[in-house]
Amino acid sequence: MKSAAPQLLPLLKQYFGFTSFRPLQEEIIRDSLAGRDTFALLPTGGGKSLCFQLPALACDGLTVVVSPLIALMKDQVDALQASGIAATFLNSSLNADESRKRLDGLNNGEFRLLYVAPERLMLSGFLDDLRRWNVKLIAIDEAHCISEWGHDFRPEYRQISKLRKHFPTVPFMALTATATGRVREDIVNHLQLHEPKSYVASFNRPNLTYRVIAKNKPFDQLFEFLRARPKESGIVYCLSRKATESVAERLNENGIRAKPYHAGLTPKERSEHQELFLRDNIRVVCATIAFGMGINKPNVRFVVHYDLPKNIEGYYQETGRAGRDGLPGECVLLFSPGDAVKQTTFIDEKPNPQEREIARKQLQQMVHYAECANCRRSELLAYFGEAFSTNDCGACDNCLSPRATFDGTLAAQKFLSCVYRIREKNGFGVVLNHVVEVLTGADTEKIRKWNHAQLSTFGIGKEHSRPEWAAIGRELIRLGFLRQTAEKFSVLEISNEGRAVLKERKKITLTKPVAAPETKTHHVGEITCDEVLFERLRELRKRLADERDVPAYIVFSDVALRQMARNYPENERAFMRISGVGEKKLREFGEIFLGEIAAHLQTSPRQIFAEESFVVPVAQRSALGDTARETLRRFRAGDSIEQIASSRGFVASTIYGHLATAIESGEKIDLAQLLDAEAQAQIATAFKRTGWGNIVGAGELLSERYNYGLLRIFRAAANAKK
């Protein structure tokens, strides 16, 4: 393992164009190279794929990647081949001749990575083939599909566990972007991982902004949102197939290129619509949840949920498809309580009682998220068991435009009293809507049947509308004064806290329902640049991608183009400093893009950008992992970087990374332990010249007197002060 250590960073730059690892990537890769089973939970856009792609380059043999979707396989293989990496896939989309050609290549040891679907693993003869191909690592992507408790359970994933007895000494790697504690346990058990090293990154996506908007004429709301973003692409998630088609049709009628995507389309239609989106030939995909798992389009700038998602795990993963490149992304949920009623109808049709109970509980949690007045980021992270140490993330509607509150003491007393009187009279509880009908004095069959017009609480709530009372009832549930059962009719019960409110007449503050604020703010991950040049480079990228029959981002990401349009590289050395530029891309595209930049500068002046225009996309104020925390403890105790690295069995670059991650998570360290005042001044000057996003350029300006680990720590500390 130690002999391979120096080779990782050169490989990272040579093939992927990056100069440093993202959090946890290096540790996962080194454990895998050491032959250990690993479990990695990294958020969407957190660099999961690199965790198995880089080991495939660092050792001989074949890495087998089990992947759930044909489109994902082709997507990743195209990107790898564009970076000069020998990769292939085998699935049902290939004809016999093409399959035979790839099998011949595998038999001859021509490939480093092989992507396969889980169904193929147990085909007759395929295991024999695998044993001949010198398999050195088996990676299971989207591993949450193996768990019945996950949001995307796939029965075919269960058969992957059979691989263990056939490859007892080959390390396994399970990867997912979203999983609760129960799902993580399921993954480890079903895959029979041997004492795996588990890595769980922060679920925080600081470059994403979350908003919930009260649903009112939803197509008009969607159209206005899209019209304000004429050059951005994104996904609109709908509950039904019919909705995806009608929304896409109306968007096209209004001049916005869009296509539907759902399981009812033919495989050919789905593939065509997906390719149009990946290649920026359409701006919007209107989709059911059938679309998007593992889609590696980095420049999705927004995700709109046209209808209420079924559960928070699905919502988190779907919103995570925005901003995978680290640039800002917007996540908008159009919410109406009526959507929850529709979802409940579907749940009631499930034949399995346990499935119904799980689905109802998940839906209640989703409604709670949509209606809560707390920081939405905190709510999401708490669902996955992660603490967020502030109640103001600065990037959700509730933090940017806090909703108005009112003295809800009387309303709470009336609602709780009504629940109490109904149970006192009949000996059973009722659903929320029936309580609302009693409070507003409705004349319904059930009120007549149960004589609820005789209750003292009948008609005492006419100062509020029925939707307002329903919102009050749901907030009392969120506040813990009421409980809602997960049974079919989800009846209400007063909790001990609710009884105390009734008895002691405590003051209760309630929140007004969700509105639709439009607050302008600076987004984490934003890179200010020459927008005219950026558009020229986008057009050039599109032309080159079409010539090569690949999606545009496989040529270069939006991050790379924005850095080019900010830094105006004039030669190959400067071009290599751009994020994502490796050796092959320099050879293939360097001259073309440098020429385009030079042509732009002949007719347009070079713009100068203030250093504040780049905010490093870090998981601010999130909980720090145990590994990094132990490094922080030893550093604060006075140990040097070398001492910590030696005693813990890491290379120094890993320890620098731990300290940078600690700062990015809100911890403070004494920079003077690492850099004197003169060094800090030199580094600050270098970053001001290159921009805070260009760590490679800053290092070269400093003649590489300071390693990248020190530069990252300094940058993190500077960013924490902004």
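This briefing covers the sheets, salt bridges, backbone outliers and charged surface of the structure above. The model is predicted. One open sheet has seven strands with parallel pairing, and another open sheet has six strands, also with parallel pairing. Across the whole structure, a search finds 42 salt bridges.

**Seven-stranded sheet**

- The strand order of this open sheet is β3-β4-β2-β5-β6-β1-β7.
- The edges are occupied by β3 (87-90) and β7 (197-200); each has a single partner strand, so one side of each is left without a neighbour in the sheet.
- From one strand to the next, the twist averages 20 degrees.
- Strand β3 runs parallel to β4 (residues 113-116), and four bridges join the two.
- Opposite Thr-88 stands Leu-114, a residue of β4.

**Six-stranded sheet**

- The order of strands here is β8-β13-β12-β9-β11-β10.
- Because β8 (208-214) and β10 (258-261) stand at the edges with a single partner strand each, one side of each lacks a neighbour in the sheet.
- The twist in this sheet averages 15 degrees from one strand to the next.
- Strands β12 (residues 300-305) and β13 (residues 329-335) pair in the parallel sense over four bridges.
- Val-303 stands opposite Cys-331, which belongs to β13.

**Salt bridges**

- Side chains of opposite charge can pair when their charged atoms come close.
- Glu-371 and Arg-478 form a salt bridge through their side chains, with an N to O distance of 3.2 Å.
- Glu-371 belongs to helix α15 (residues 353-371) and Arg-478 to helix α21 (residues 466-478), so this pair ties together parts that are 107 residues apart in sequence.

**Backbone outliers**

- Most residues other than glycine have a negative phi.
- Leu-24, which is not a glycine, has a positive phi of about 80 degrees.
- The position of Leu-24 is in the loop between α1 (8-16) and α2 (25-33).
- Asp-280 likewise has a positive phi, near 65 degrees, in a residue other than glycine.
- The loop that holds Asp-280 lies between α12 (267-278) and β11 (284-287).

**Negative surface patch**

- Glu-245, Glu-249, Glu-253 and Glu-269 form a negative patch on the surface.
- The most is given to this patch by helix α11 (residues 241-253), which supplies three residues.
- Glu-249 is found in helix α11.

Note on methods: Residues are numbered from 1 along each chain as its sequence is written. This is a predicted model: local features need pLDDT of at least 70, side-chain atom pairs count only at pLDDT 80 or more; totals for chains, interfaces and linings use all residues. Side-chain values use heavy atoms; hydrogens and water are left out. Patches are made of residues with over 30% relative accessible area and no salt bridge: like charges are joined within 9 Å, nonpolar side chains (Val, Leu, Ile, Met, Phe, Trp, Tyr) within 5 Å. Accessible areas come from the Shrake-Rupley method with a 1.4 Å probe; for residues, only the protein chains shown count as cover. A salt bridge is a side-chain nitrogen of Lys or Arg within 4 Å of a carboxyl oxygen of Asp or Glu. Lys and Arg count as positive and Asp and Glu as negative; His and the chain ends are not counted. The place of a charge is taken as NZ of Lys, CZ of Arg, CG of Asp or CD of Glu. Two strands pair if DSSP finds at least two bridges between them. Axes are lines fitted to C-alpha atoms, for helices over the stretch in contact, and angles run from 0 to 180 degrees between N-to-C directions.
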